[in-house]
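Trainee: I have not looked at this one before. Can you walk me through it?
Mentor: Go ahead and ask as you look.

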Amino acid sequence: MSQAQFIKREKVMRHITQHYIGGRFTDSVGQEKFNLVNPAANMLTGTVLMGNEEDTRHAISAAKEAFKTYSLTTPLQRAEYLQRFHDAVASRADEHVQALVEEYGGPHQIARDLVQAACGAILSVKESLKDVPFKKMVGQAEVSLHPVGVAAHITPWNANIVYFCNKAAAALAAGCTVVTKPSEMSAVQTQILMECVDAAGLPAGVINVVNGRGDVVGVELTINPDVAKISFTGSTAVGKSIAARSADTLKRVTLELGGKSAHIVLEDADLNKALPFILQSGFLNSGQACIAGTRILVPESRYDEITTALKQAVGQLKVGLPQDSDTVIGPMVSRTQYQRVQEYIKTGIEEGGEILTGGPGNPEGLEDGNFVKPTVFINVTNNMTIAREEIFGPVLCVISYKNEQEAIDIANDSSYGLAGYVSGEDLANARKVAEQIQAGTVSVNAFAYTSFAPFGGMKQSGIGRENGAYGIQSYLEYKTIA
């Protein structure tokens with residue numbers, strides 16, 4: 001059965017017309033419609049009404065009012081609210097997975113991992129509350145931590161549930177109230193999350209959600225003086241504009257932005273281990289991941305061996321319908337994103353990159369959707385566009401190096417610094433190399449992520465850190481009483 005037949009048989013059109021404000025669903029004042037399109041077949045599946053400035057101000061007012069009492073709650077009370085939040089989200093895990101698969105084409109296994117990660121993020125924040133020193137003595141002075149106020153969250157489409165839950169949990173743990181503007185392309189996922197928030201029985205106004213455009217709802221959140229903090233995950237270009245607008249009211253800002261992460265394959269790497277690691281990190285979430293390891297740095301002495309093995313391994317990856325359990329790479333989220341990736345592939349060819357596998361166009365049999373052939377370029381230099389800019393699709397670049405220092409220099413020759421990867425059998429040496437990579441997170445020999453450890457970027461990959469106690473503290477201000 002084709003994806004188009006699947007949608008026609010199984011799907012009912014969804015029309016989302018409400019936001020979640022002040023503890024209840026409210027009709028949208030804004031009346032602009034955004035079409036929801038299944039990316040595996042480019043078929044219309046529903047619409048969402050986009051909120052406007054009035055909807056946004058209503059949500060901010062509700063959060064501001066709720067902050068008056070919520071900010072006075074104890075860490076123990078907040079932990080109970082977080083548990084309720086977790087339980088409500090976890091109780092609808094299968095629905096979250098289905099929405100992720102259908103709405104942005106996340107492969108089924110990735111969708112399950114994302115839902116699990118979101119639930120885990122809430123619990124890790126709850127557990128981390130005990131590690132936050134809300135009050136301590138420094139000499140004769142009492143130093144206390146206090147919530148900054150209303151927090152605005154602007155979240156992306158590529159892992160909507162993770163960003164929604166992680167940011168909301170950290171803010172609630174600190175005693176802040178929240179207004180979230182998720183991506184309009186995640187409206188069905190967001191609808192389920194709003195219903196979860198409602199079912200959790202949190203105090204009215206603690207979490208508010210407004211569907212809408214970044215240049216309308218997002219801008220209002222950024223300039224409104226009643227918002228004390230912005231937490232944004234998305235592109236570097238948008239992050240810069242948010243930081244600039246937030247400066248007028250000196251908002252606290254956390255930005256988790258783009259990446260062009262390097263994966264250094266060391267001379268002693270075991271390809272039986274390194275190849276699965278390269279594929280997992282490079283094609284994570286169909287390549288639509290800010291932390292994707294898309295620059296593969298390999299020693300000259302093993303270049304032919306590694307590229308031959310890489311071609312064979314990539315050729316075995318299944319590109320297919322996201323609901324299929326064995327699909328590794330699903331469609332790009334939209335036709336616009338598909339075309340963006342195609343342009344980068346074209347640019348790579350024009351600038352002298354050689355296609356090892358993949359290339360322009362759709363994989364055979366998947367012409368109706370936004371599917372991209374997993375593509376690997378060889379004979380790439382680090383000054384090529386495909387090695388400098390974030391493509392956000394299943395496209396890897398192989399770059400050779402002469403020695404470890406040159407590999408480190410190439411890895412760090414980037415405006416980004418979000419993630420990094422190292423493969424090597426000598427663990428001590430691999431970790432020594434990892435320490436020299438300018439990135440917020442570096443994984444050695446296996447993809448590593450813990451929701452308790454800080455996550456964020458260096459350079460133009462962002463400002464600040466999220467996760468666990470580190471995320472909670474980003475919503476707190478110090479006060480000294482002596």
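Trainee: Which residues form one aromatic cluster?
Mentor: Tyr-104, Trp-157 and Phe-392 make up one aromatic cluster. Keep in mind that this is a predicted model.

Trainee: How many aromatic pairs does the count come to?
Mentor: The count comes to 7 aromatic pairs. Take Tyr-70 and Tyr-81, whose ring centres are 6.0 Å apart with the planes at 40 degrees, so that pair is tilted.

Trainee: Where do Tyr-70 and Tyr-81 sit in the chain?
Mentor: Tyr-70 is in helix 2 (residues 53-70) and Tyr-81 is in helix 3 (residues 75-90), with their positions 11 residues apart.

Trainee: Is Tyr-70 buried or exposed?
Mentor: Tyr-70 has 3% relative accessibility and counts as buried. Tyr-81 is at 18%, which also counts as buried because the cut-off is under 20%.

Trainee: What about Phe-277 and Tyr-421, what kind of pair are they?
Mentor: Their ring centres are 5.8 Å apart and the planes are at 80 degrees, so the pair is edge-to-face. Phe-277 belongs to helix 10 (residues 271-282) and Tyr-421 to strand 19, so the pair ties together parts that are 144 residues apart in sequence.

Trainee: And are those two rings buried or exposed?
Mentor: Phe-277 is buried, with a relative accessible area of 3%. Tyr-421 is buried as well, at 2%.

Trainee: Strand 19 brings me to the sheet. What is the order of its strands?
Mentor: It is an open sheet of 7 strands in the order 15-16-17-14-13-19-20, with mixed pairing. Strand 15 (354-357) and strand 20 (441-444) are the edge strands, each pairing on one side only. From one strand to the next, the twist averages 25 degrees.

Trainee: Which helix packs on the sheet at strand 15?
Mentor: Helix 12 (residues 335-350) does, touching strand 15, strand 16 and strand 17 (395-401). The direction of helix 12 makes about 20 degrees with that of strand 16.

Trainee: Which helix lies across strand 20?
Mentor: Helix 15 (residues 427-436), which also lies across strand 13 (261-265) and strand 19 (419-423). Helix 15 runs at about 160 degrees to strand 20.

Trainee: Back to strand 16. How many bridges join strand 15 to it?
Mentor: There are 3 bridges between strand 15 and strand 16 (residues 375-378), and the two run antiparallel. Within that pairing, Ile-355 stands opposite Phe-377 in strand 16.

Trainee: Does strand 16 pair with strand 17 in the parallel or antiparallel sense?
Mentor: Parallel, over 3 bridges. Val-376 stands opposite Leu-396 in strand 17.

Trainee: Which residues of strand 16 are on which side?
Mentor: Thr-375 and Phe-377 are on one side, Val-376 and Ile-378 on the other. All of these are buried, and both faces of the strand are covered.

Trainee: Change of topic. How many residues of helix 7 are buried?
Mentor: 11 of the 14 residues of helix 7 are buried, so it is largely enclosed by the rest of the structure. Among the buried ones are Ala-187, Gln-189, Leu-193, Met-194 and Cys-196.

Trainee: How far does helix 7 reach?
Mentor: Helix 7 (residues 187-200) reaches 20 Å from its first C-alpha to its last, close to the 20 Å expected at 1.5 Å a residue.

Trainee: What follows helix 7?
Mentor: Gly-201 does, and its phi is positive, near 70 degrees.

Trainee: Where is Thr-180, and what does it touch?
Mentor: Thr-180 is in strand 9 (residues 177-181). Not counting residues up to four places away in sequence, Thr-180 touches His-153, Thr-155, Phe-164, Asn-208, Val-209 and Val-210. At 1% relative accessibility, Thr-180 counts as buried.

Trainee: Where is Ala-41?
Mentor: Ala-41 is in the loop between strand 4 (32-38) and strand 5 (43-50). Ala-41 is buried, with a relative accessible area of 10%. Ala-41 and Gly-105 are 64 residues apart in sequence, and their C-alpha atoms are 9.8 Å apart in space.

Trainee: Last one. Which ring does Lys-229 lie over?
Mentor: Lys-229 lies over the face of Tyr-475, at 4.8 Å from the ring centre.

Technical notes:
Residues are numbered from 1 along each chain as its sequence is written. This is a predicted model: local features need pLDDT of at least 70, side-chain atom pairs count only at pLDDT 80 or more; totals for chains, interfaces and linings use all residues. Side-chain values use heavy atoms; hydrogens and water are left out. Two strands pair if DSSP finds at least two bridges between them. Helices (H or I, at least four residues) and strands (E, at least two) are DSSP runs, numbered from the N terminus. Axes are lines fitted to C-alpha atoms, for helices over the stretch in contact, and angles run from 0 to 180 degrees between N-to-C directions. Contact means heavy atoms within 4.5 Å. Rings of Phe, Tyr and Trp (its six-membered ring) pair if their centres lie within 6.5 Å; planes under 30 degrees apart count as stacked, over 60 as edge-to-face and the rest as tilted. Buried means under 20% relative accessible area, exposed over 50%, partly exposed in between (1.4 Å probe, protein chains only). A charge sits over a ring if NZ of Lys or CZ of Arg is within 6 Å of the ring centre and within 35 degrees of the ring normal. The expected span of a helix is 1.5 Å times one less than its number of residues.
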